[in-house]
Amino acid sequence: METALLLVATAVALRPPSVPIMVQDPYSSFWSPHDRLNDGWVNRWNGHDMEWMGLARTGGDCWVWMGRGLEGCQKADQVGLVVTATRTTYTFHMGGTRLNVSFTTPSALEDPVDYDMITLPVTYLTYSAWAAPSNATQPTTLDVYIDSPAHPAVAVPEEALVTWSRHESPTGISYISIGNNHQEFGSPEVGPRNDYNWGYFCLGYPAGAESSMGVHSE
């Protein structure tokens, strides 16, 4: 007697308990614990809010795609999330525009192994945009804005005195660095969540990009 066994596979959308945003080492480890990237702040692994804000302007309207809501801006509709070993990609719908945002940390071992690349404490943020099908015949312009306080580089942001500076790398990358005024390399973790209190957080863009940077204080 022959028995036929029918196996039916059902695809299930993966929703990680926390979505990796920038994961490089135990302390440079930032995640989104929310269903949508714009439901709340990105956190360090220990729950410390980073208060990163991501905005986009298109068609005269302001949209929030990362972080909490902002007065005068609408909340972008997150319609896609793909998580791989080294990359997290979100897709948002904003009126007549679709926006893809990817966070890539090049930490995978390939053949041949590029040790310089996989040991860099760097995460690449890339984005692309296109007109939604309902608006495909209309020209689309897009401005993207990223905002970060000093939180990634200090243990207790409310008490920290920070310094910042502008730099230009030999490869033409323009960036801003921010960190604690008093640097004690390798000092013990401090604060209520055992964060480090040394090092610098950098935000930059490559040469030739139509971008600008600025610093403001509150």
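Tryptophan 65 is buried, at 0% relative accessibility. The model is predicted, and this residue is a good place to enter it. Tryptophan 65 sits in strand β5. Its ring partner is phenylalanine 92, in strand β8, 27 residues apart from it in the chain. Phenylalanine 92 is likewise buried, with a relative accessibility of 0%. The two ring centres lie 6.3 Å apart and the planes meet at 50 degrees, so the pair is tilted. The reasoning is short: stacked needs planes under 30 degrees apart and edge-to-face needs over 60, so an angle between those limits is called tilted.

Both residues belong to something wider. The largest nonpolar core has 23 residues. Within this core, Leu37, Trp52, Trp65, Phe92 and Phe103 touch the most other members. Four elements give two or more residues to the core: β1 (19-23), β5 (61-66), β8 (87-94) and β9 (97-104). Another core lies apart from this one. That core has six residues, among them Trp41, Met53, Cys62 and Val64.

Take β1 next. Four of its five residues are buried, so the strand is largely enclosed by the rest of the structure. Strand β1 runs antiparallel to β2, and four bridges join the two. In that pairing, proline 20 has tryptophan 31 of β2 as its bridge partner. A hairpin of five residues connects β1 to β2.

Now follow tryptophan 52, another of the core residues with the most contacts to other members. How exposed or buried is tryptophan 52? Its relative accessibility is 6%, so it counts as buried. Leaving out residues up to four places away in sequence, its contacts include Ile21, Met22, Phe30, Trp41 and Val42. Tryptophan 52 also touches Met66, Gly67, Asp147, Ser148, Pro149 and Pro152. Phe201 is on the list of contacts too.

The contact with phenylalanine 201 is also a ring pair. In total there are four aromatic pairs. The rings of tryptophan 52 and phenylalanine 201 are stacked, with 5.9 Å from centre to centre and 20 degrees between the planes. Tryptophan 52 lies in the loop between β3 and β4 (53-58), while phenylalanine 201 is in strand β14, so the pair ties together parts that are 149 residues apart in sequence. Phenylalanine 201 is buried as well, at 14% relative accessibility. Ring pairs extend the group: Phe30, Trp52 and Phe201 form a cluster.

Phenylalanine 201 leads on to a sheet. Strands of a sheet pair through backbone hydrogen bonds, either parallel or antiparallel. Here the sheet is open, has three strands in the order β12-β13-β14, and pairs in the antiparallel sense. Which strands form the edges? They are β12 (162-168) and β14 (200-205), each of which pairs on one side only. From one strand to the next, the twist averages 20 degrees. Seven bridges hold the antiparallel pairing of β12 with β13 (residues 174-180). One point of reference there is arginine 166, whose bridge partner in β13 is isoleucine 176.

Charged side chains make the last stop. How many salt bridges are there? The count is two. Arginine 36 pairs with aspartate 39, and their closest N and O atoms are 3.3 Å apart. Aspartate 39 also meets lysine 75, at 2.6 Å from N to O. This second pair links distant parts of the chain, 36 residues apart. Aspartate 39 is in the loop between β2 (29-32) and β3 (43-44), and lysine 75 is in strand β6 (residues 74-75). Arg36, Asp39 and Lys75 are thus linked in a network of salt bridges.

How exposed are these three residues? Arginine 36 has a relative accessibility of 36%, so it counts as partly exposed. Aspartate 39 is partly exposed at 29%. Lysine 75 comes to 47% and is partly exposed too. The class follows from the limits: buried means under 20% and exposed means over 50%, so values in between are partly exposed. By contrast, tryptophan 65 and phenylalanine 92, where this tour began, are both buried.

Notes:
Residues are numbered from 1 along each chain as its sequence is written. This is a predicted model: local features need pLDDT of at least 70, side-chain atom pairs count only at pLDDT 80 or more; totals for chains, interfaces and linings use all residues. Side-chain values use heavy atoms; hydrogens and water are left out. Two strands pair if DSSP finds at least two bridges between them. Axes are lines fitted to C-alpha atoms, for helices over the stretch in contact, and angles run from 0 to 180 degrees between N-to-C directions. A salt bridge is a side-chain nitrogen of Lys or Arg within 4 Å of a carboxyl oxygen of Asp or Glu. Buried means under 20% relative accessible area, exposed over 50%, partly exposed in between (1.4 Å probe, protein chains only). A nonpolar core is a set of buried Ala, Val, Leu, Ile, Met, Phe, Trp, Tyr and Cys residues joined through side-chain atoms within 4.5 Å. Contact means heavy atoms within 4.5 Å. Rings of Phe, Tyr and Trp (its six-membered ring) pair if their centres lie within 6.5 Å; planes under 30 degrees apart count as stacked, over 60 as edge-to-face and the rest as tilted.
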